[in-house]
Amino acid sequence: MNIIVEDSARDKIRAKNADTVHCMLNMCASWGGTTLDPAVYVGTPRNIDHFNKLENNGITVYVKKGTPSVNGTLTITVGKFLWFEKLMVEGMI
């Protein structure tokens, strides 16, 4: 698996005095059903042995083992939700 950390995402991560993130699919339940949503968290995961370690653009990225991707590449970027900017991962199925 390949990882791309865009410059805007790198800057946002470093603004939090960090150089490590972890990515996974989270289960979200609502009245409409249950979905899996991709998520990015700043910092090292608790169960590090459940993650693969990748590096790009000066950032260490831990990706949960077995995470499916569209073309074998995940991209860490900055997106907007309402008026908030947040880290996002693109390419997870």
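Select Thr-67 and display its side chain together with the backbone of Lys-64: the Thr-67 side chain reaches the backbone oxygen of Lys-64 at 2.6 Å. The model on the screen is a predicted one. Thr-67 is located in the loop that links S5 and S6. Is Thr-67 buried or exposed? With a relative accessible area of 12%, Thr-67 counts as buried, because the cut-off for a buried residue is under 20%. Next, add Met-1 and Met-92 to the selection; leaving aside neighbours within four places in sequence, these are the residues in contact with Thr-67.

**The sheet S1-S6-S7**

From this loop, proceed to S6, residues 73–81. Strand S6 lies in an open sheet of three strands, arranged in the order S1-S6-S7, with mixed pairing. Its edge strands are S1 and S7, each of which pairs on one side only. From one strand to the next, the twist averages 25°.

Now display S1 beside S6. Four bridges pair these two strands in the parallel sense. To locate the register, select Val-5, which stands opposite Ile-76 in S6.

Follow the chain from S6 towards S7 and stop at Leu-82, which is in the loop between these two strands. What is the sign of phi at Leu-82? The angle is positive, about 55°, although Leu-82 is not a glycine. Leu-82 is exposed, with a relative accessible area of 61%.

**The sheet S3-S2-S5-S4**

Clear the selection and display S2, S3, S4 and S5. These four strands form an open sheet in the order S3-S2-S5-S4, and the pairing is mixed. At the edges are S3 and S4 (51–56), each pairing on one side only. The twist here averages 30° from one strand to the next.

Begin with S2 and S3 (residues 33–42), which run antiparallel and are joined by ten bridges. The two strands form a hairpin, with two residues between them. Two pairs mark the register. Select His-22, whose bridge partner in S3 is Tyr-41. Then select Cys-28, which stands opposite Thr-35 in S3.

Turn next to S5. How do S2 and S5 run relative to each other, parallel or antiparallel? They run parallel, joined by four bridges. Thr-20 provides a marker, since its bridge partner in S5 is Thr-60.

**Helix H1 and the loop after it**

Select H1, residues 7–15, and show its side chains. Which residues of H1 are buried? They are Ala-9, Arg-10 and Ile-13. View the helix down its axis: the buried residues fall within an arc of 100°, so they line one face of H1. To see what this face meets, add S1, S2, S5, S6 and S7, against which the buried residues of H1 pack.

Move past the end of the helix to Asn-17, which follows H1 and is found in the loop between H1 and S2. Asn-17 is a residue other than glycine with a positive phi, near 55°. Is Asn-17 buried or exposed? Its relative accessible area is 76%, so Asn-17 is exposed, given that the cut-off for exposed is over 50%.

**The largest nonpolar core**

In soluble globular proteins, nonpolar side chains tend to be buried together. For the corresponding view in this model, select Ile-3, Val-21, Cys-23, Val-40, Val-61, Ile-76 and Val-89. Of the 17 residues in the largest nonpolar core, these touch the most other members. Colour the contributing elements next: S1 (2–5), H1 (7–15), S2 (20–30), S5 (59–64), S6 (73–81) and S7 (84–90) each give two or more residues to the core. Which element contributes the largest share? That element is S5, with three residues.

Complete the tour at Val-89. Which residues are in contact with Val-89, leaving aside its neighbours within four places in sequence? They are Cys-23, Pro-38, Ala-39, Val-40, Leu-74, Thr-75 and Ile-76. Among these contacts, Ile-76 has already appeared on the tour as the residue opposite Val-5. Cys-23, Val-40 and Ile-76 are also among the core residues that touch the most other members.

Technical notes: Residues numbered from 1 in each chain as written. Predicted model: local features only at pLDDT ≥ 70, side-chain atom pairs only at ≥ 80, totals over all residues. Heavy atoms only, no water. Core = buried A, V, L, I, M, F, W, Y, C linked by side-chain atoms within 4.5 Å. Buried < 20%, exposed > 50% of the residue type's maximum accessible area, 1.4 Å probe, protein only. Contact = heavy atoms within 4.5 Å. Pairing = 2+ DSSP bridges. Axes fitted to C-alpha atoms, helices over the stretch in contact; angles between N-to-C directions. Polar contact = N/O pair within 3.5 Å; in protein donor to acceptor, adjacent residues only side chain to side chain. Arc of directions from axis to C-beta.
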